[in-house]
Amino acid sequence: MVLLWRAALATTIRAAHNFYSRKGVLVPKPFTVFAVGLAFLFPAIGMVLPLSAQQSTVIQVEEPILAKVSTMVELGVLGGGSESKEYSLTNAFLYGGRNGTFFIVDVEDPGDVGNFRSTVRQYDSSGKFLRQIGTVGDGPGEFRGGVWDVKQLADGRILISTARGLQEYSAAGSAVKLWPAKAPFPNRGAKILIDPNGFILTYGSRRVPPREAIPGFGGIPFLYRFDLNGRLIDSTIRPPEVSLIRPSAPGAFFVPFKSTCDVSWNPTGFFMTACTGEYRVDLLLVTQRGASRSGAQWTSDDRISSFSRVVPGVDVQAAERDDWVDNITVWNQTGNGRQNWKWVGEGIPKTKPPIRELFADERGNIFVRQSQFAKLDRNIEVARKPRVDGTKEYTAGERWYEVPVYDVYSPAGRYLRQIVFPARSGQPLRPDAGFLVRDDDVWLIVRDGDDVPRIKRYRIQ
C-alpha cells in the first residue's frame with residue numbers, strides 16, 4: 001500500500017512537471033525543492049517507478065564558488081600567417097576530429113544571395129594541412145550550399161551535413177555514400193548529434209504555415225536517427241526546440257537582448273537547454289523506450305538535472321540602444337517597397353539576459369556565456385539610412401561589443417572555472433563552431449582589423 005501511495009505521488013510530480021514543460025515554462029523552484037525533498041525522504045520510490053518517472057525529477061546542483069578567472073595566451077596563428085589557399089578563409093567554422101585533428105569549413109557567398117559554396121579541410125593537431133574533403137558539385141561525394149557540421153566517428157569515417165543529407169567519407173577523405181536526411185533549408189545542412197549509445201541524429205523539418213513555423217527551422221523540427229552504418233531507424237523524434245521555442249508572430253523582427261531559449265547537444269549523450277531570462281541550465285536525457293534498441297522509441301522530454309546561479313542583470317547603455325534602433329530600422333527599410341518601414345511593437349530591453357550562449361566542448365564540458373557590459377568602438381559607424389545599392393548593414397553589434405566570458409561546468413553540472421576569451425573572437429553565426437577546446441589548448445577564430453578571420457592557437461592561463 002505504501003509503495004502504491006509513493007508511486008501515485010511521484011506520478012503527480014511527473015504530471016505537473018510535464019505540464020510546465022509543454023507550456024515552455026521552467027519548473028518553479030518550490031516544485032523543484034518539493035521533488036528533491038521527496039527523493040531524500042522516500043528513496044524507495046525509485047525502486048517501484050518506471051525509468052521515465054525517475055528521470056523527470058529536477059536536481060538542483062549546488063551553486064558554484066567562483067575560482068580565479070582564467071585568461072588565454074596566444075601561441076600562434078594557423079599556417080604561420082601563410083596566404084596559401086589552405087590557410088585563407090572567408091567565413092570560417094571549426095569542428096573537432098579524431099586523434100587531435102580538426103576541420104575548418106569555409107563558406108563563401110559570392111553573390112551575397114545565399115548561394116553558399118563550402119570548402120571542408122582537415123588539419124593535424126599542430127595545424128598542418130592534411131586534406132580537403134569533397135568538392136562543390138552534384139556528383140558522388142560532392143555537395144552544394146553551406147556545410148553546417150562535420151563529425152568524425154570513432155572508426156575514422158567522416159560525416160558532413162549538406163542540404164541533401166549526411167555525406168559519408170572514409171578516414172582518408174574518399175566518398176562512401178549519402179545518408180538520406182533532408183535538412184530544414186535547401187541551401188545548407190543541419191547539426192549532427194553523435195549519441196554515445198551508437199546512433200547518429202540530425203535535424204529535419206516538417207513544413208507548416210509560416211505562422212506555425214519555429215524560427216530557424218522553416219517549419220516544425222524533428223530528428224532523424226541513424227545507426228552507425230547509416231540505416232535510418234526513426235524520423236519522429238521531437239527535439240526540445242518544439243516545446244521551448246514559440247513560432248514567430250507575423251511581421252516579427254530581430255530584437256537584441258530579448259530573452260530566448262537556447263538548445264544544444266552534449267556529446268556525452270543529452271540535450272542542454274537554457275531560457276536566457278534566468279541563469280539556469282537544464283539537462284535533458286534522450287531516453288530509450290522499448291525492449292530492444294532497434295525497435296526503441298526515444299523522447300527528450302524527461303528532465304534529469306539542472307543547475308542555476310543568481311547573476312545580476314547587465315544594463316544596456318542608452319547610446320547602445322539608440323544605435324541598435326537605427327541599425328534595425330535601416331535593415332528593415334532596405335529593399336524595394338520597404339522605405340516606409342517603422343518600428344512597431346516591443347522595444348529593446350534595458351537589461352541584457354544573464355545567458356548569451358550555451359554549448360559543450362568535445363569532452364562534454366558545458367560552456368555558458370554571460371552577458372557583459374558593452375565596450376564602444378568609435379571607429380565603427382552604424383548605418384543611419386538605407387544603402388542605395390541595397391546592401392544591408394548590421395553593425396551595431398560590432399560598434400558595441402562584449403568581451404566573451406564563459407562559465408565552464410562538467411557534464412554533471414559541477415562548476416570548473418571561468419574563462420575570458422579575446423575580444424571579437426568566436427563565430428557569431430554558430431557559437432559552438434567558433435572555437436575548439438582540448439584540455440588547456442584552444443583553437444579560436446579571431447577577426448583581424450580588415451574583418452578577415454584567422455585561426456589562432458591559445459593556452460588557457
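**Buried side chains, cores and hollows in a predicted model**

At 0% relative accessibility, Ser161 counts as buried, because the cut-off for that label is anything under 20%. This comes from a predicted model rather than an experiment. Ser161 sits in strand β8, which covers residues 158–162. Even tucked away like this, the side chain of Ser161 finds polar partners on the backbone: the backbone nitrogen of Trp148 is reached at 3.1 Å, and the backbone oxygen of Ala190 lies 3.0 Å from a polar side-chain atom of Ser161. Both of those partners turn up again among the residues that Ser161 touches, once anything up to four places away in sequence is set aside. That list also includes Gly146, Val147, Asp149, Leu166, Gly189 and Ile192.

Zooming out, the protein chain has 7 helices and 29 strands. Of its 461 residues, 49% are buried. Looking at contacts with a separation of 6 or more, 55% of them link residues 24 or more positions apart.

Next come two buried acidic side chains. Asp407 belongs to strand β25, and with 0% relative accessibility it counts as buried, since that value falls under 20%. Its side chain makes a polar contact of 2.7 Å with the side chain of Arg309. Arg309 is also one of the residues that Asp407 touches, alongside Tyr279, Ile366, Phe367, Val368, Gln370, Tyr415, Arg417 and Gln418, not counting residues up to four places away in sequence.

Glu402, in contrast, is placed in a loop, the one between β24 (400–401) and β25 (405–409). At 10% relative accessibility, Glu402 still counts as buried, because 10% is under the 20% cut-off. The side chain of Glu402 joins that of Arg356 through a polar contact of 2.6 Å, and it also reaches the backbone nitrogen of Gln372 at 2.9 Å. Along the sequence, Glu402 and Gln372 are 30 residues apart, yet their C-alpha atoms are 5.7 Å apart in space. Leaving out residues up to four places away in sequence, Glu402 touches Arg356 and Gln372, and its other contacts include Phe257, Lys352, Arg369, Gln370, Ser371 and Ala374.

Phe257, one of those contacts of Glu402, has a quirk of its own. Most residues other than glycine have a negative phi. Phe257 is not a glycine, but its phi is positive, at about 70°. Phe257 is found in the loop between α5 and β15, and its relative accessible area of 13% is why it counts as buried. A positive phi also shows up at Asp439, at about 55°, and this residue is not a glycine either. Asp439 lies in the loop between β27 and β28 (441–447). With a relative accessible area of 49%, Asp439 is partly exposed, because that label covers the range between 20% and 50%.

What about the greasy parts? In soluble globular proteins, nonpolar side chains tend to be buried together. Here the largest nonpolar core has 20 residues, and those touching the most other members are Leu193, Tyr203, Leu223 and Phe271. The elements giving two or more residues to this core are β12 (199–206), β13 (220–227), α5 (241–244), β15 (261–266) and β16 (270–275). Of these, β15 provides the largest share, 3 residues. There is also a second, separate core of 15 residues, with Met272, Ala360, Ile366 and Tyr415 among them. Two members of that second core, Ile366 and Tyr415, are also touched by Asp407.

Finally, there is the empty space. Rolling a probe the size of a water molecule over the atoms shows where such space is left. The second largest pocket has a volume of about 890 Å³. Its lining has 37 residues, and the closest to its centre are Gly96, Lys151, Ile194, Pro267 and Glu362. Several strands give two or more residues to this lining, including β3 (92–96), β7 (150–152), β11 (192–195), β15 and β21 (355–360). By type, the lining splits into 18 nonpolar, 7 polar and 12 charged residues.

As for closed-off hollows, the structure holds 1 cavity of 30 Å³ or more, and the volume of the largest cavity is about 50 Å³. Its lining residues are Val77, Leu78, Gly81, Ser82, Tyr87, Leu89, Pro453, Arg454 and Ile455. Strand β29 (residues 453–460) supplies the largest share of that lining, 3 residues. The lining divides into 6 nonpolar, 2 polar and 1 charged.

Notes. Residues numbered from 1 in each chain as written. Predicted model: local features only at pLDDT ≥ 70, side-chain atom pairs only at ≥ 80, totals over all residues. Heavy atoms only, no water. 1 Å grid on protein atoms, 1.4 Å probe; cavity = no way out; pocket = protein on both sides within 12 Å on 5 of 7 lines; lining within 4 Å. Points joined across faces, edges and corners; volume = space filled by probe spheres on them. Helix = DSSP H or I, 4+ residues; strand = E, 2+ residues; numbered from the N terminus. Nonpolar A, V, L, I, M, F, W, Y, C, P; charged D, E, K, R; others polar. Core = buried A, V, L, I, M, F, W, Y, C linked by side-chain atoms within 4.5 Å. Buried < 20%, exposed > 50% of the residue type's maximum accessible area, 1.4 Å probe, protein only. Polar contact = N/O pair within 3.5 Å; in protein donor to acceptor, adjacent residues only side chain to side chain. Contact = heavy atoms within 4.5 Å.
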